[in-house]
Amino acid sequence: MADTPSYDTVPPSQDSNLSVPPSPTHQRHHSRRSNRRHSISEAPDEHTSLLRPSHSRVRIHSPIDTPRGYLSRNQSFAGTPYGSRFHNRHESWGQRLIQALSDRQDPMAESKGSLLADERIWYDQFTSTDWVHDSIADAYRVKQLRSRKDFWGRVRVLFDGAQGWILSAVVGVLVALLAYCVDVAETTIFDYKDGYCTRAWYLREKRCCPHGPCTDWRSWSEVLGGHPFGDAWTEFGVYIIAVLVLSILACLLTLTTKTVVPSAYRMSTLDENLAADYSQPPDDNENDEDENVSPRETRRQFIDPSPPMVYYSAAGSGVAEVRVILSGFVLHGFLGVKTLVIKSAGLILSVASGLSLGKEGPYVHIATCIGNICCRLFAKYDRNDGKRREVLSAAAAAGVVVAFGAPLGGVLFGLEEVAYYFPAKTLFRTFFCCIVAALSLKFLNPYGTHKIVMFEVRYKIDWEWFELVGFILVGILGGAFGALFIKASRRWALSFRKIPVIKKYPLFEVVLVALVTGLIGYWNTLTKLPVAKLLLNLAAPCEDDSRDDELGLCPTNIDEIPGIIRMLLAAFVIKGFLTTITFGIKVPAGIYVPSMVVGGLMGRIIGHLVQWIVLRFPHWSIWGTCPLLQESTCVQPGVYGLIAAGSTMCGVTRLSVTLAVILFELTGSLDYVLPFSLAILVAKWTADALEPLSIYDLLTNMNAYPYLDNKHKPMFTSELADIVPRLRHERVIDITSSPLVPATQLRSKLDLLHRAGELDGGLPILRDGILVGLIPAPDLEYALDNLEDESSSLCLMAKVPNIDEEESPERDPTDFTPYIDPAPVALDIKSPMDLVYECFAKLGLRYICVLKDGRYAGMTHKKRFVKYLRELEEKEHEL
């Protein structure tokens with residue numbers, strides 16, 4: 001390379017493979033750094049740059065004295081990698097419990113370490129997990145654990161195998177407990193908008209007056225004596241104020257979880273973000289004309305002034321982000337203690353405010369947070385991101401259980417939607433976790449009805465064959481409305497949320513949405529109800545005692561049906577509009593139940609229309625004995641409402657088998673499995689035809705998360721050469737002339753990787769153009785940060801025979817060979833793109849080295865491949 005200095009002490013050799021320096025250790029320096037060791041960076045906040053200078057340190061409190069006392073920003077909080085070698089040297093279980101409950105202070109610097117120094121990898125913000133590496137690290141851990149054959153060694157092996165089951169049980173119980181707290185708190189606070197219980201202020205109206213209206217519950221108009229606007233308008237004013245106050249508090253809590261990713265990181269992969277202005281990504285070919293220019297100088301010359309990427313970890317449902325995390329990408333702070341506490345509190349306030357949102361989606365995120373925090377109890381999961389994601393998959397499924405009371409549906413949700421890697425062992429543990437969560441919540445009985453969720457219903461009358469036409473129609477309409485909702489959400493984000501004041505002040509949008517919700521929703525009896533209670537009344541049969549009779553949704557004769565349809569139609573329009581404008585605001589909010597409510601209103605309309613036709617023409621032979629079965633015929637509009645609710649949710653989320661099972665578990669009736677399944681099949685076909693993206697795909701694209709979908713493989717006709725950037729000498733380490741490379745040169749190359757945003761990339765090592773190894777960027781930074789004198793150190797980048805008589809017991813810090821991967825995955829440049837996809841999706845690789853005629857030709861990163869897939873999809877959609 002142009003800036004490689006000459007080495008007088010290294011004898012030249014015609015064959016570089018045989019060149020052996022006399023003693024590489026004598027050329028490298030062993031003096032201790034004094035001032036650099038004691039410099040500890042200030043505690044970062046959400047404005048701290050992700051690409052701050054790498055010389056900052058974080059103190060690691062390790063249970064034993066190891067050379068890894070100070071780690072750079074890419075290092076782990078998990079302690080020393082050698083600490084897991086012997087289990088009796090770990091922290092006590094009580095210490096691990098305290099650490100699990102304490103929030104880690106630097107979400108931009110937290111990362112994971114694996115077992116040994118030569119197997120270490122760390123994960124930074126938006127970087128990808130190395131699945132293969134984590135699997136190898138766990139194999140070494142298990143082998144070391146089983147090496148002890150005595151009694152206590154066998155006990156430790158048994159305990160190690162039981163840790164997964166213990167974690168699953170603990171997560172299931174804690175998820176149910178937190179769901180109970182949220183359910184009880186939000187229903188109580190929701191009723192505070194109308195009044196309070198004089199007998200016990202902490203009781204909601206149903207608990208205060210279990211047998212109907214009573215004097216213990218006082219409305220605010222009674223408390224204020226009708227002043228100053230009269231009873232009706234006073235109650236309306238108090239209601240509006242309560243909606244605004246609760247919404248504002250929920251938004252203010254959410255805004256405290258703001259995370260800033262500097263635009264220098266975003267590369268060209270994260271340029272689709274709609275939350276910030278577009279930035280010009282660094283060009284891979286810049287400075288190619290002058291290869292002697294220092295990367296530090298180029299960083300000063302090319303400063304990206306564009307706004308950084310911003311996200312709020314407590315906002316929205318979090319399901320899309322959980323899916324990205326489980327696919328192997330790192331979003332620090334998203335599953336931490338702070339996010340868990342704030343999202344739980346904010347969710348209570350946002351749902352209680354009466355906005356058109358639900359708590360079921362955020363339950364998935366909250367449950368995953370609990371799973372992530374519980375992983376800190378056991379080093380086996382805390383220090384291995386691959387193992388950690390097994391627990392996170394089970395926790396996400398438990399979130400669906402407490403949301404819908406469906407253990408089987410939760411398992412299928414994890415398998416169909418969020419989980420990226422779901423082996424049989426994980427499937428069984430997920431099922432165990434779901435059963436524990438369901439049993440725990442049923443024991444806690446949050447609603448006092450011995451139901452896990454509020455909208456459980458039972459149908460006692462079987463369906464008739466002629467109703468299949470209505471079920472199919474409901475499925476088509478539900479899928480169409482779900483697809484239209486996605487299109488409307490995209491249009492709303494690209495229009496209204498692009499207004500500067502809305503984008504700059506998220507609280508202002510929340511105030512507007514809350515005000516519109518209060519003004520429009522208050523005067524309609526149905527839209528004023530909580531979404532879960534409204535869904536119950538839409539789906540419940542008329543003989544169900546849990547429904548509200550005063551809503552008037554059950555006609556006794558044909559003349560009452562048109563009035564009911566008009567009321568449902570008005571509620572359908574209002575609720576559809578409010579759900580569209582509410583989705584995406586900066587409060588904890590789910591889309592599951594709101595979409596089901598919109599569909600339920602539509603389905604109930606269709607059900608009453610079928611009911612009217614049967615009553616209007618009772619003598620048609622196609623009805624059979626249906627008109628004579630009851631006063632309102634055998635047609636149950638609630639069935640149509642629940643089927644339409646599931647169909648609309650299918651159109652929004654594209655869940656299929658999961659939804660059919662959830663609906664079955666909600667009703668507990670085998671008779672309606674066929675109508676549920678048929679309607680959801682039709683809904684998915686319709687939605688896919690109208691809008692190829694689900695709501696999760698839309699959020700992933702809008703937030704520019706680097707997600708590689710392993711469930712939908714595109715059609716490839718290209719080769720690997722189409723995505724391989726041009727070979728640059730600054731991106732490789734050439735050891736042709738000598739295996740010793742100056743540390744300053746390595747630092748320059750590392751800075752170039754950081755400036756390009758490839759924090760999880762690597763530098764290939766070449767000898768005569770042949771790939772002989774690769775050193776990952778995080779490992780290289782760790783090694784450089786632990787050098788004694790970086791300015792004059794020479795680093796050994798290839799193993800050479802040791803000619804010293806005695807080998808030092810301490811590892812030489814300038815010997816970088818333990819950090820080098822001697823066998824990086826490499827493909828020929830003519831490899832089909834299908835093979836590249838399989839390597840990234842199935843093996844979980846971060847990058848792939850590219851060879852041409854056996855010589856190194858470049859490297860392609862997983863994020864570059866994701867960007868290529870997005871461009872491919874955009875071209876297909878244009879056609």
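Helix α7 hides quite a few of its residues: Thr234, Phe236, Tyr239, Ile240, Ala242, Val243, Leu246, Ser247, Ala250, Cys251 and Thr254 are buried. The model here is a predicted one. The helix itself runs over residues 231–255, which makes 25 residues in all. From its first C-alpha to its last, α7 reaches 36 Å, close to the 36 Å expected at 1.5 Å a residue. Why might buried residues recur along a helix at steps of three or four? An α-helix has 3.6 residues a turn, so residues three or four places apart point the same way. In α7, the buried set includes Tyr239, Val243, Leu246 and Ala250.

Now for the whole protein. There are 30 helices and 14 strands. Of the 879 residues, 59% are buried. The accessible surface adds up to about 36300 Å², and carbon and sulfur atoms account for 61% of that. Contacts also reach a long way along the chain: taking those between residues at least 6 apart in sequence, 76% join residues at least 24 apart.

Two other helices give a good look at packing. Helix α11 (residues 360–374) sits against helix α13 (residues 385–404), with the axes 7 Å apart and an angle of about 145° between them. The crossing of α11 past α13 is right-handed. On the α11 side, the contact is made by Glu360, Tyr363, Val364, Ala367, Thr368, Gly371 and Asn372. From α13 come Arg388, Val391, Leu392, Ala395, Ala396, Gly399, Val400, Val402, Ala403 and Phe404. Sorted by character, the residues of this contact come out as eleven nonpolar, four polar and two charged.

Loops bring distant parts of the sequence together too. Asp722 lies in the loop between α26 (695–702) and β7 (733–734). Is Asp722 buried or exposed? Its relative accessibility is 52%, so Asp722 counts as exposed, because the cut-off for that label is over 50%. Lys830 belongs to another loop, the one between β12 (826–828) and α29 (833–843). Lys830 is exposed as well, because its relative accessible area is 62%. How far apart are Lys830 and Asp722 in space? C-alpha to C-alpha, the distance is 9.4 Å, although 108 residues separate the pair in sequence. Asp722 has a similar story with Met833: these two are 111 residues apart in sequence, yet their C-alpha atoms are 8.9 Å apart in space.

Key
Residues numbered from 1 in each chain as written. Predicted model: local features only at pLDDT ≥ 70, side-chain atom pairs only at ≥ 80, totals over all residues. Heavy atoms only, no water. Buried < 20%, exposed > 50% of the residue type's maximum accessible area, 1.4 Å probe, protein only. Contact = heavy atoms within 4.5 Å. Areas by Shrake-Rupley, 256 points an atom, 1.4 Å probe, with all protein chains shown as cover. Axes fitted to C-alpha atoms, helices over the stretch in contact; angles between N-to-C directions. Left-handed = near helix turned anticlockwise from the far one by under 90°. Nonpolar A, V, L, I, M, F, W, Y, C, P; charged D, E, K, R; others polar. Expected span 1.5 Å × (residues − 1).
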